[in-house]
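Visitor: I have a structure open and would like to go through a few spots in it. Could you walk me through them?

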Amino acid sequence: MTAHRWGLGVNGAAVELDDLAETHLPPGGEPWVEWVARDQSRELVLRSATFDTAQDAVEADGLGRRLLASVNAMLRLDGGGPFTPGPVFEFVPDGPPRRIILATIDASFGRIIARGVGIVIGPDGSVVEAQPPVPTRTQRMLDAASADPLAADVLHHLSLADDWYEIYKCLEAMGAAQESARKKLALQSGIPADEIETLRQTANYYRHYKAYKPATLLPLRDAKRLLPRIAGAWLSARTKIP
């Protein structure tokens with residue numbers, strides 16, 4: 001059987017998919033994405049050694065969805081995504097990849113991305129050949145988080161942080177309930193410790209409902225703006241990847 005047998009299709013806006021393929025997860029790092037031809041179009045497929053333990057398409061789908069959630073969490077730090085899972089792809093040695101549909105999820109997207117393409121010219125006027133690909137920051141952080149249960153936990157909750165419960169769980173995973181940890185998060189993120197505490201107290205109030213009401217309550221939109229900044233700084237410090 002072919003090495004790296006499985007992959008998961010990735011759905012999103014065309015400009016976001018191009019950005020994912022060219023900027024965040026190009027071949028040469030782990031995980032990566034690649035284009036697969038389909039009729040007159042093409043589909044983007046998430047690939048990873050993570051899939052190698054899957055015995056069938058159902059297992060590959062589960063592994064892929066968890067990995068895509070981590071990818072979404074990382075891209076959330078930069079305002080990118082989100083992406084939704086597509087069909088499972090089985091890569092076989094004797095033909096094109098097999099497309100296996102297990103479920104369909106639709107979503108809407110919208111973002112404008114500008115990108116430039118350059119050619120390097122050497123001192124003698126000749127074109128300098130491109131260097132071998134190296135893992136991107138996104139790939140290096142995902143790889144580091146995959147070996148660190150706490151970082152993986154933060155990414156998991158960040159990927160779901162559209163409600164107060166997940167926002168609180170993400171903060172909790174970073175230790176924000178402790179004053180010393182909040183001070184450290186403040187130094188890492190540049191967000192004042194008292195603002196981080198207001199965010200934590202607000203999330204705690206709404207997740208329990210009718211719990212102790214803090215003097216100041218943050219709107220959800222502000223919480224969703226602050227959390228990626230805090231989590232991004234924490235992950236960078238945790239993985240030692242600037």
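**Loops and helices**

Guide: Let us begin with Pro 31, which is found in the loop between helix H1 (14-24) and strand S2 (32-38); please keep in mind throughout that this is a predicted model.

Visitor: OK, so what kind of peptide bond joins Glu 30 and Pro 31?

Guide: The bond between Glu 30 and Pro 31 is a cis peptide bond, and its omega is about -5°.

Visitor: Moving along the chain, where is Asp 39?

Guide: Asp 39 lies in the loop that runs between S2 and strand S3 (41-47), and its phi is positive, about 50°, although Asp 39 is not a glycine.

Visitor: And is Asp 39 buried or exposed?

Guide: Asp 39 counts as exposed, because its relative accessibility is 72% and exposed means over 50%.

Visitor: Which residue in the segment after H8 has a positive phi?

Guide: That is Lys 240, whose place is in the segment after H8; its phi is near 60°, a positive value in a residue other than glycine. Lys 240 is also exposed, with a relative accessible area of 72%.

Visitor: Now for the helices. How do H4 and H8 pack?

Guide: In general, two packed helices are described by the angle between their axes and the distance between the axes. Here helix H4 (residues 149-159) and helix H8 (residues 220-239) pack at an angle of about 160°, and their axes are 11 Å apart. Since angles over 145 degrees count as roughly antiparallel, that makes H4 roughly antiparallel to H8.

Visitor: Is the crossing left-handed or right-handed?

Guide: The crossing of H4 and H8 is left-handed. On the H4 side the contact is made by Leu 150, Ala 151, Val 154, Leu 155 and Leu 158, while H8 contributes Leu 227, Pro 228, Ala 231, Trp 234, Leu 235 and Arg 238.

Visitor: How many of those are nonpolar, polar or charged?

Guide: By class, the contact of H4 with H8 has ten nonpolar residues, no polar residues and one charged residue.

Visitor: Which residues of H4 are buried?

Guide: The buried residues in H4 are Ala 151, Val 154, Leu 155, His 157, Leu 158 and Ser 159. What covers them includes H8 together with helix H2 (57-76), helix H3 (137-146) and helix H5 (164-173).

Visitor: One last thing: what does Asp 148 reach at the start of H4?

Guide: A side-chain oxygen of Asp 148 reaches to within 3.1 Å of the backbone nitrogen of Leu 150, and Leu 150 is also one of the H4 residues that make the contact with H8.

Definitions and conventions
Residues numbered from 1 in each chain as written. Predicted model: local features only at pLDDT ≥ 70, side-chain atom pairs only at ≥ 80, totals over all residues. Heavy atoms only, no water. Axes fitted to C-alpha atoms, helices over the stretch in contact; angles between N-to-C directions. Helix = DSSP H or I, 4+ residues; strand = E, 2+ residues; numbered from the N terminus. Parallel < 35°, antiparallel > 145°, perpendicular 65-115°, else oblique. Left-handed = near helix turned anticlockwise from the far one by under 90°. Contact = heavy atoms within 4.5 Å. Nonpolar A, V, L, I, M, F, W, Y, C, P; charged D, E, K, R; others polar. Buried < 20%, exposed > 50% of the residue type's maximum accessible area, 1.4 Å probe, protein only. Polar contact = N/O pair within 3.5 Å; in protein donor to acceptor, adjacent residues only side chain to side chain.
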